[in-house]
Amino acid sequence: MKEKKKFYITTTLPYVNSELHIGHALEFVRADSIARFKRNSGYDVFFNTGSDEHGAKIFESANANGVSVQVYVDSFVDKFKAVHKLLNISYDGFVRTTDKTHISAAQELWKRAEANGYIYKKNYKTKYCVGCELSKTDSELEKGVCPIHPNREIELIEEENYFFKWSTFQDRLLSLYESQSTFVVPDTRLNEIKAFVGRGLEDFSISRLQTKMPWGVPVPGDDAHVMYVWFDALTSYIATLGWPEGQHFETYWVQEGQVREVVQYCGKDNLRQQSAMWQAMLMAADIPLSTNIIIDGFIVSGGMKMSKSVGNVVAPIEMVAAYKEHTEYAEDVIRFALLHDIPSFEDGDMTIESIATSYTAHLVNGLGNLTSRVMRMATTHNIVSLDTSKHLSPEIIEAMNAFDTKKAIEQCMIDVRNLDKFIQETEPFKVVKTNEEKGHILIGECLSDLRKIACNLELFLPRSAAKILECIEEHKMPEKPIFNRL
């Protein structure tokens with residue numbers, strides 16, 4: 001038996017200093033649909049997610065809430081996992097940066113980079129955004145503040161830290177981007193990181209004094225310092241596979257002599273960290289690089305950044321709860337809106353009202369109504385489907401191979417509209433009364449096309465698509481509408 005090709009995909013790890021928002025859900029759902037696509041295509045898949053639990057923001061938030069940092073992070077991890085379950089995210093690994101195995105891996109990567117001459121110690125002064133957990137140059141600030149976290153004051157840090165020789169990797173990184181045209185997707189983000197690295201790289205601090213920021217991974221051989229949060233957190237992508245000794249790492253990340261796929265999903269604010277900092281760290285430790293970095297845009301609401309004070313926050317848990325009275329498959333409503341209504345690689349707008357509009361137009365009047373029409377004809381005239389294959393359409397395969405989840409699910413809805421049009425034009429429910437044989441053939445075609453639509457939609461709306469397939473295979477009408485009107 002031929003061994004399955006291996007595919008590894010990971011989301012970024014959200015900080016545990018606030019509830020998960022719809023932007024996190026977007027990343028989870030997109031990565032999940034890609035993982036489902038690869039499994040459908042015969043790959044052995046490892047899908048990773050997790051939680052980032054170190055750093056100044058978390059230490060600060062725990063103190064503000066008057067609890068120990070460990071108790072604080074534990075409470076958020078439970079909430080994170082609840083959201084994953086609610087959205088039907090099919091992950092294989094959930095890594096926490098407070099896991100002992102992760103801490104060990106982060107320290108081992110440090111040791112290897114240090115042994116190879118890429119870590120040194122010096123005094124430095126920098127402007128630092130705790131919100132980004134990044135040093136900022138004057139050109140990155142607007143009126144003296146970080147444009148991503150304008151409500152936070154920029155901190156001035158002056159101390160002796162360990163540094164990573166990022167500057168020495170400029171040529172190797174540029175060579176990587178030139179040799180692999182799809183290393184960063186989309187092209188606009190690849191060009192952006194090329195330009196950033198091309199302007200020259202500065203070595204960056206990778207430690208903090210333990211007396212100032214005690215919540216972090218201890219630096220090997222120097223307990224006076226803890227690791228900078230990005231150096232720690234990025235290591236999670238291999239720690240979850242058991243690196244350096246784990247079998248999963250050899251299976252899903254190394255794959256020497258074989259074509260391998262190691263994919264990372266992240267937002268556009270993570271471009272530098274994922275496609276340049278992390279790749280340089282891998283180079284420094286002699287570890288194979290990622291193969292694709294997929295960059296999402298941001299979600300805004302009503303043209304404005306989401307904010308509790310503005311009242312335009314779209315929370316995934318609240319949205320799923322809002323649709324439970326209308327459908328048994330409430331999570332698929334949110335999955336659909338995220339995948340269908342938001343551009344695959346650029347910013348998109350989403351409101352509570354836009355989700356409702358999309359739900360009615362595409363799921364109630366589209367997919368749900370189509371399912372009822374076809375199954376009514378099939379059960380009334382005893383037309384059954386003998387097809388058991390689950391092949392995806394070529395258009396879906398092409399779009400998913402390009403990580404264009406919006407284009408893929410849009411093709412599904414084109415197929416829904418085309419089948420609706422076919423029924424309107426051919427009227428099999430009328431033909432069968434005057435020409436039974438021809439009518440049965442037309443109904444059979446409708447049933448076959450509905451089955452293909454459901455097979456494609458299993459990547460995106462797994463439970464509702466599975467229900468449609470169940471109705472087809474068991475030759476029955478849905479007990480109730482799959483999607484009820486609002």
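A residue is taken as buried when its relative accessible area is under 20%. With that cut-off in hand, the predicted model can be read from the middle of its sheet outwards, and strand S12 makes a welcome starting point. S12 spans residues 261-267 and is mostly covered, with seven of its seven residues buried. The covering applies to both faces: Glu261, Val263, Tyr265 and Gly267 are buried on one side, and Val262, Gln264 and Cys266 are buried on the other. This division follows a familiar rule, for in a regular strand the side chains alternate between the two faces of the sheet.

The sheet around S12 is open and consists of six strands in the order S3-S2-S1-S12-S13-S7, with parallel pairing. Strand S3 (93-96) and S7 stand at the edges; each has a single partner strand, so one side of each is left without a neighbour in the sheet. On one flank of S12 lies strand S1 (residues 6-10), which pairs with S12 in the parallel sense over four bridges. Within that pairing, Thr10 has Gln264 of S12 as its bridge partner. On the other flank, S12 and S13 run parallel and are joined by five bridges. Here Tyr265 stands opposite Ile294 of S13. The connection between these two strands passes through H10, and the resulting β-α-β crossover from S12 to S13 is right-handed.

Ile294 of strand S13 deserves a closer look. Its relative accessibility is 0%, so Ile294 counts as buried. Beyond its neighbours within four places in sequence, Ile294 is in contact with Val263, Gln264, Tyr265 and Cys266, and also with Val185, Phe345 and Phe403. Residues remote along the chain are brought together here: Ile294 and Phe183 are 111 residues apart in sequence, while their C-alpha atoms are separated by 8.4 Å. S13 also pairs with S7, again in the parallel sense, over two bridges. In this pairing Val184 stands opposite Ile293 of S13.

From S7 the chain leads on towards helix H6. The loop between S7 and H6 contains Pro186, and the peptide bond joining Val185 and Pro186 is cis, with omega of about 10 degrees. Helix H6 itself comprises twelve residues (187-198); at 1.5 Å a residue these should span 16 Å, and the end C-alpha atoms are indeed 16 Å apart, which agrees. Its buried residues are Arg189, Leu190, Ile193 and Val197. They cover an arc of only 105 degrees around the axis, which puts them on the same side of H6. The spacing fits a general property of helices: an α-helix has 3.6 residues a turn, so residues three or four places apart point the same way. The elements that cover this buried set include helix H5 (170-179), strand S7 (184-185), helix H10 (271-284) and strand S13 (292-296). Just after H6, Gly200 adopts a positive phi of about 105 degrees.

Further backbone features appear elsewhere in the chain. A cis peptide bond is also found from Trp243 to Pro244, with omega near 10 degrees; Pro244 lies in the loop between helix H8 (236-239) and helix H9 (247-254). Glu427, in the loop between helix H15 (405-426) and helix H16 (428-434), has a positive phi near 45 degrees in a residue other than glycine. At 29% relative accessibility, Glu427 counts as partly exposed. His475 lies in the segment after helix H18 (462-473) and, although not a glycine, has a positive phi of about 55 degrees. His475 is likewise partly exposed, with a relative accessible area of 23%.

Two more residues complete the survey. Asp222 belongs to strand S11 (residues 222-227) and, at 13% relative accessibility, counts as buried. Its side chain makes a polar contact of 3.3 Å with the side chain of Lys121. With neighbours within four places in sequence set aside, Asp222 is in contact with Lys121 and Tyr162. His381, by comparison, sits in the loop between helix H13 (352-380) and helix H14 (394-401) and is partly exposed, with a relative accessible area of 26%. Not counting residues up to four places away in sequence, His381 touches Val432, His440 and Ile443. His381 and Thr351 are 30 residues apart in sequence, and the C-alpha to C-alpha separation is 43 Å.

Note on methods. Residues are numbered from 1 along each chain as its sequence is written. This is a predicted model: local features need pLDDT of at least 70, side-chain atom pairs count only at pLDDT 80 or more; totals for chains, interfaces and linings use all residues. Side-chain values use heavy atoms; hydrogens and water are left out. Buried means under 20% relative accessible area, exposed over 50%, partly exposed in between (1.4 Å probe, protein chains only). Contact means heavy atoms within 4.5 Å. The expected span of a helix is 1.5 Å times one less than its number of residues. The arc is that of the directions from the helix axis to the C-beta atoms. Two strands pair if DSSP finds at least two bridges between them. A crossover is right-handed if, with the strands pointing away from the viewer, the path from the first strand over the helix to the second runs clockwise. A polar contact is a pair of N or O atoms within 3.5 Å; within protein, one must be able to donate a hydrogen and the other to accept it, and residues adjacent in sequence count only if both atoms are side-chain atoms.
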